[in-house]
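Dear colleague,

I am handing over the structure we spoke about, and below it I have set down what was found when its atoms were examined. Please read the notes with the coordinates open beside you.

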Amino acid sequence: MLKRTTIALTMLLSAPLVQAAPTVTGAGATFPYPVYTRWADDYQDAKNVAINYQGIGSGGGIAQIKARTVTFGASDVPMSAEDQQKAGLVQWPMIMGGVVPIVNLGAALGGNSLKLDGETLAAIYSGDITRWNDARIKALNPDINLPDLAITPVHRAEGSGTNYLFTHYLSEVSPAFKQKVGEGNTVPWPNGIGAQANGGVASRVQGTVGAIGYVEYAYARQNKVATVVLKNRDGGYVTPGADSFSAAARHADWKNAPGLALVLTNQPGKDSWPITGVSYILMPVKPADAAAAKEALAFFNWAYVSGKDTAAALDYVAMPKNVIDQVEHDVWSKITDGSTPLWPAQ
């Protein structure tokens, strides 16, 4: 008995030790939660490494990564280069989507798409344009018999990244809107009806003839609600979708954006959607757990390369290659174990 126990113990001690995979945790923005968690499931199947992401909101994600309680944070609002430096962080864009105006004009559109420009959209949401047959809307839509119908603007009732993108864009294109309403996660809307979340806005617009609202692109597609064709800064009329969102990122001046802190509204390019949004990842330049940080970078690289189809199936848009190349070369190289860069993986 003693001999067998000794042999068993000897075999156990001489067996190779299996090193546990590092624990990778993330927290932050709710907008990318569906795609991040789906990527995490697929990555675990492919690499047998668990990635745990909690959608607690951009502010919570920033707070947690500053406190170093997670491997990475996620935010829909970019952190300035100055704030990144103060917190010892780097930032990069991971996934894209777009905010799209939606309308319900009953049968008036007759299968056509309503055209608007930024100034007219801002005038609607500032209360300056109140009826659908206003001369400014008619001038943009000469082929549509617009009804003499009151406009019901629907806006988010709570603070959100969608609000931020929408009001940031309107403030860029309309000094009057900027002065009267301003930009932010929450703003003092002068008119209209509030609704909770993207789903609530889509539902309210669908149920109100004469309504206009704004939602993340996925909600417009899923609810099959009419979207607006928007005139962009280069004079092109564009429809929302993967191609026009990607064009906004492709034409943006990432090279001259300190800390990659760039909001993709009103970007150049005749094919660019003017209210494109990006969700960002934040990581420490000197992470407390270098092994977990290295595994996180491997996950994000895998998502860039192998996660595009999954993103598209969930109505997200992958970053264009020129942006990915810049991220991996200029940003990830700054993340070190104290002396050696963690990327590229050795």
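Which backbone oxygen does the side chain of S126 reach, and at what distance? The model is a predicted one, and in it the side chain of S126 reaches the backbone oxygen of A123 at 3.3 Å.

I begin with the surroundings of that serine. S126 sits in the loop between α5 and α6 (135-140), and S126 counts as buried because its relative accessibility is 9%, where the cut-off for buried is under 20%. Setting aside the neighbours within four places in sequence, S126 is in contact with F177, K180, V181, P190 and N191. Helix α5 itself, residues 118-125, is mostly covered, with 7 of its 8 residues buried; those buried residues are G118, T120, L121, A122, A123, I124 and Y125. Just after α5, G127 takes a positive phi of about 85°.

Two residues of α5 appear again in the surroundings of F166, which has its place in helix α7 (residues 161-173). When residues up to four places away in sequence are not counted, F166 touches V99, L121, Y125, W189, Y214 and I275. F166 counts as buried because its relative accessibility is 0%. F166 and A197 are 31 residues apart in sequence, and their C-alpha atoms are 14 Å apart in space.

Next comes the arrangement of the domains. The domain assignment gives domain 1 as 24-96 + 278-334 and domain 2 as 99-260. The contact takes 20 residues from domain 1 and 17 residues from domain 2, while the C-alpha centres of domain 1 and domain 2 lie 29 Å apart. As for the extent of that contact, the two domains bury about 1500 Å² between them, with 63% of it on carbon and sulfur atoms. On the side of domain 1, the residues that lose the most area to domain 2 are D315, V317 and Q326, which together make up 34% of what that side buries.

Which polar links, then, are found between the domains? The count is 2 salt bridges between domain 1 and domain 2, and there are 4 residue pairs in polar contact between domain 1 and domain 2, both residues being at pLDDT 80 or more. On the side of domain 1 that touches domain 2, α4 (81-87), β4 (89-104) and α14 (321-331) each supply at least two residues, and α14 gives the most, with 6 residues. By kind, the residues of that side divide into 14 nonpolar, 4 polar and 2 charged. One salt bridge that can be inspected in the model joins K255 and D330, whose closest N and O atoms are 3.9 Å apart.

D315, named above for the area it loses to domain 2, also deserves a look at its backbone. D315 is found in the loop between α13 (308-313) and β13 (317-318), and its phi is near 70°, a positive value in a residue other than glycine. D315 counts as buried because its relative accessibility is 16%. K224 likewise has a positive phi, of about 50°, although it is not a glycine; K224 lies in the loop between α10 (217-223) and β9 (226-227). Is K224 buried or exposed? K224 counts as exposed because its relative accessibility is 75%, the cut-off for exposed being over 50%.

Another loop residue to examine is N232, which has its place between β10 (229-231) and β11 (237-238). N232 is buried, with a relative accessible area of 6%. A polar atom of the side chain of N232 lies 3.1 Å from the backbone nitrogen of D234, and the backbone oxygen of G269 lies 3.1 Å from a polar atom of that side chain. Apart from its neighbours within four places in sequence, N232 is in contact with V238, G269, K270, D271, S272 and P274.

Lastly, there is a peptide bond to check in the segment after α14, where P344 has its place: the bond from W343 to P344 is cis, with omega near 5°.

With kind regards

Definitions and conventions
Residues numbered from 1 in each chain as written. Heavy atoms only, no water. Domains from an automatic or database assignment. Contact = heavy atoms within 4.5 Å. Buried area = accessible area lost by both parts, 1.4 Å probe. Salt bridge = Lys/Arg side-chain N within 4 Å of Asp/Glu carboxyl O. Polar contact = N/O pair within 3.5 Å; in protein donor to acceptor, adjacent residues only side chain to side chain. Helix = DSSP H or I, 4+ residues; strand = E, 2+ residues; numbered from the N terminus. Nonpolar A, V, L, I, M, F, W, Y, C, P; charged D, E, K, R; others polar. Buried < 20%, exposed > 50% of the residue type's maximum accessible area, 1.4 Å probe, protein only.
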